[in-house]
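Please look over the sequence and the model shown below before reading on. The report that follows moves from the chain as a whole to a few of its parts.

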Amino acid sequence: MNEGEESELEVPAEVHTVCQYCGGGGMIADPKLAIIGGTPRTVDNGRPCAHCETVGHFAGIVPPV
Ligand SMILES: [Zn+2]
């Protein structure tokens with residue numbers, strides 16, 4: 001009789017999926033050519049991830065598209 005052997009699986013209370021688009025950072029690299037001080041150079045200010053709205057992850061499990 002091995003009743004009561006219910007394994008308690010550790011399920012996180014809040015399951016979330018890291019955003020595939022920004023990698024969880026909430027920002028996407030957005031290099032632009034800019035002239036600074038008369039010198040053309042690349043500026044990467046980044047831009048907010050429109051996919052996850054800069055949250056970086058989604059609630060629940062979202063399969064990669
Ligand atoms: Zn994102």
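In this predicted model, the chain holds six strands and zero helices, and reading along the sequence gives the pattern β-β-β-β-β-β. Of the 65 residues in the chain, 5% count as buried. Among the contacts in the chain with a separation of 6 or more, 56% are made by residues that stand 24 or more positions apart.

**The hairpin of S3 and S4**

Strand S3, which covers residues 31–36, runs antiparallel to S4 and is joined to it by six bridges. One of the pairings involves Lys32, whose bridge partner in S4 is Val43. The two strands form a hairpin with two residues between them, and in the turn Gly37 has a positive phi of about 60 degrees. Strand S4 itself spans residues 39–44, and because the number of buried residues among its six is zero, this strand lies largely in the open.

**The loop between S5 and S6**

Strand S5 (47–48) and strand S6 (57–59) are linked by a loop in which Glu53 lies, and Thr54 has its place in the loop between S5 and S6 as well. Phi of Glu53 is near 60 degrees, which is a positive value in a residue other than glycine; for Thr54, also a residue other than glycine, phi is positive and near 65 degrees. As for surroundings, Glu53 has 11 C-beta neighbours inside 10 Å and therefore counts as exposed, since the cut-off for that class is 12 or fewer. Thr54, with 15 other C-beta atoms within 10 Å, is partly exposed.

**Tyr21 and its contacts**

Another loop, between strand S1 (16–18) and strand S2 (27–28), contains Tyr21. Leaving aside residues up to four places away in sequence, Tyr21 touches Ile28, Cys49, His51 and Cys52. Computed along the sequence, Tyr21 and Gly56 are 35 residues apart, while in space their C-alpha atoms are 8.5 Å apart. Tyr21 is partly exposed, with 15 other C-beta atoms within 10 Å.

The table gathers the neighbour counts of the loop residues described above.

| Residue | Other C-beta atoms within 10 Å | Class |
|---|---|---|
| Tyr21 | 15 C-beta atoms | partly exposed |
| Glu53 | 11 C-beta atoms | exposed |
| Thr54 | 15 C-beta atoms | partly exposed |

Notes. Residues are numbered from 1 along each chain as its sequence is written. This is a predicted model: local features need pLDDT of at least 70, side-chain atom pairs count only at pLDDT 80 or more; totals for chains, interfaces and linings use all residues. A residue is buried if 20 or more other C-beta atoms lie within 10 Å of its own, exposed if 12 or fewer, and partly exposed in between; C-beta atoms are placed from the backbone. Helices (H or I, at least four residues) and strands (E, at least two) are DSSP runs, numbered from the N terminus. Two strands pair if DSSP finds at least two bridges between them. Two residues are in contact if their C-beta atoms, placed from the backbone, lie within 7 Å.
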